[in-house]
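This report describes a single model, starting with its strands and core and moving on to its ligands and backbone details. The sequence and the structure are shown first.

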Amino acid sequence: MIVELARGLWTTLRALIFEKKVTVQYPEEKKPVKQRFRGRHYLDRYENGLEKCIGCSLCAAACPSDAIFVESAENTDEARYSPGERYASTYEINMLRCIYCGFCEDACPTEAIKMGDNYELSFTDRRQAIYTKEMLLVPVPPGGKPTPQVTPPGVYTRSVPEMKDPVD
Ligand code: SF4
Ligand code: SF4
């Protein structure tokens, strides 16, 4: 009995003294997520500040939990939000419905909707779980201009840019 007790205590002591600690002091310390982790969505922009989202609703159609709502409107050269004819005038994701499957990301023809590494989502009210376009859209990159922009006629005629095949 004494031997078993000593053996058990030694197991605890050995872990305390010799083994590497795995406890992370969250939230001060955060472990990096895996490369393919799917966290909070964001809506991307081009380098010049134009929005990548063209309001096509393919993400909403692909979403299995009906979490995305998109309304689109017409771009003009005097008030341009995105390349091509249309932009998303309303874009909302209900995070209470989202199951983080990534189908929206896969369906998007312009790589506008992306899932980042932010997993710190908490709500105290159901309405707070509706993420609006303003919440999802990334800031204007350095050197870019906010939308809507005044653009020269005949330049941004193509909604979907030419893209390379993904590497991963
Ligand atoms: S991650 Fe999946 S469930 Fe969530 S919004 Fe995108 S398609 Fe819908
Ligand atoms: S995020 Fe992509 S798929 Fe969804 S409406 Fe915008 S452009 Fe279309």
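Helices (H or I, at least four residues) and strands (E, at least two) are DSSP runs, numbered from the N terminus. In these terms, S57 lies in the loop between β1 and α2 (58-62). This is a predicted model, in which local features need pLDDT of at least 70 and side-chain atom pairs count only at pLDDT 80 or more, while totals for chains, interfaces and linings use all residues. Residues are numbered from 1 along each chain as its sequence is written, and chains are lettered from A and ligands numbered from 1 in the order in which they are written.

**Sheet**

Two strands pair if DSSP finds at least two bridges between them. An open sheet of 3 strands results, in the order β2-β3-β5 and with antiparallel pairing. Because β2 and β5 (130-131) stand at the edges with a single partner strand each, one side of each has no neighbour in the sheet. The antiparallel strands β2 and β3 are joined by 7 bridges, and I68 stands opposite I93 in β3. β3 and β5 also pair in the antiparallel sense, over 2 bridges. On that side I93 stands opposite Y131 in β5.

**Core**

A residue is buried if 20 or more other C-beta atoms lie within 10 Å of its own, exposed if 12 or fewer, and partly exposed in between, with C-beta atoms placed from the backbone. A nonpolar core is a set of buried Ala, Val, Leu, Ile, Met, Phe, Trp, Tyr and Cys residues joined through C-beta atoms within 7 Å. Which members of the largest nonpolar core touch the most other members? They are C53 and I68, in a core of 22 residues. Two elements, β2 (68-74) and β3 (86-94), give two or more residues to this core. β3 gives the most, with 4 residues. In soluble globular proteins, nonpolar side chains tend to be buried together.

Two residues are in contact if their C-beta atoms, placed from the backbone, lie within 7 Å. Leaving aside neighbours within four places in sequence, C53 is in contact with L43, S82, Y87, A88, Y91, T110 and A112.

**Ligand surroundings**

A residue is near a molecule if its C-beta atom, placed from the backbone, lies within 6 Å of it. For the classes, Ala, Val, Leu, Ile, Met, Phe, Trp, Tyr, Cys and Pro count as nonpolar, Asp, Glu, Lys and Arg as charged, and the others, Gly among them, as polar.

Ligand 1 is surrounded by 14 residues, of which the closest are C63, C98, C101, F103 and C104. The shell around ligand 1 divides into 12 nonpolar and 2 polar residues, with no charged ones. Ligand 2 is also surrounded by 14 residues, and the closest to ligand 2 are C53, C56, C59, C108 and I113. Here the shell has 11 nonpolar, 3 polar and no charged residues. C53 is thus among the closest residues to ligand 2 and one of the two core members with the most contacts to other members.

**Helix α1 and strand β1**

α1 (2-18) precedes a loop that leads to β1 (41-43) and holds P27. The 17 residues of α1 reach 23 Å from the first C-alpha to the last, close to the 24 Å expected at 1.5 Å a residue, where the expected span is 1.5 Å times one less than the number of residues. α1 is hardly covered, with a count of 0 buried residues.

R36 also lies in the loop between α1 and β1, and R36 counts as exposed because 8 C-beta neighbours lie inside 10 Å. The C-alpha atoms of R36 and E51 are separated by 24 Å, at 15 residues apart along the chain.

Y42 is found in strand β1 and is partly exposed, with 17 other C-beta atoms within 10 Å. Y42 and I113 are 71 residues apart in sequence but 5.8 Å apart in space, C-alpha to C-alpha. Not counting residues up to four places away in sequence, Y42 touches K114, G116, L136 and V138.

**Backbone details**

Two cis peptide bonds are listed below.

| Peptide bond | Omega |
|---|---|
| Y26 to P27, cis | near 10° |
| T147 to P148, cis | near 5° |

P148 lies in the segment after α4 (133-136).

S57 is not a glycine, yet has a positive phi of about 70°; S57 counts as partly exposed, with 17 C-beta neighbours inside 10 Å. D66, in the loop between α2 and β2, has a positive phi near 55° and is likewise a residue other than glycine. D66 is exposed, with 10 other C-beta atoms within 10 Å.
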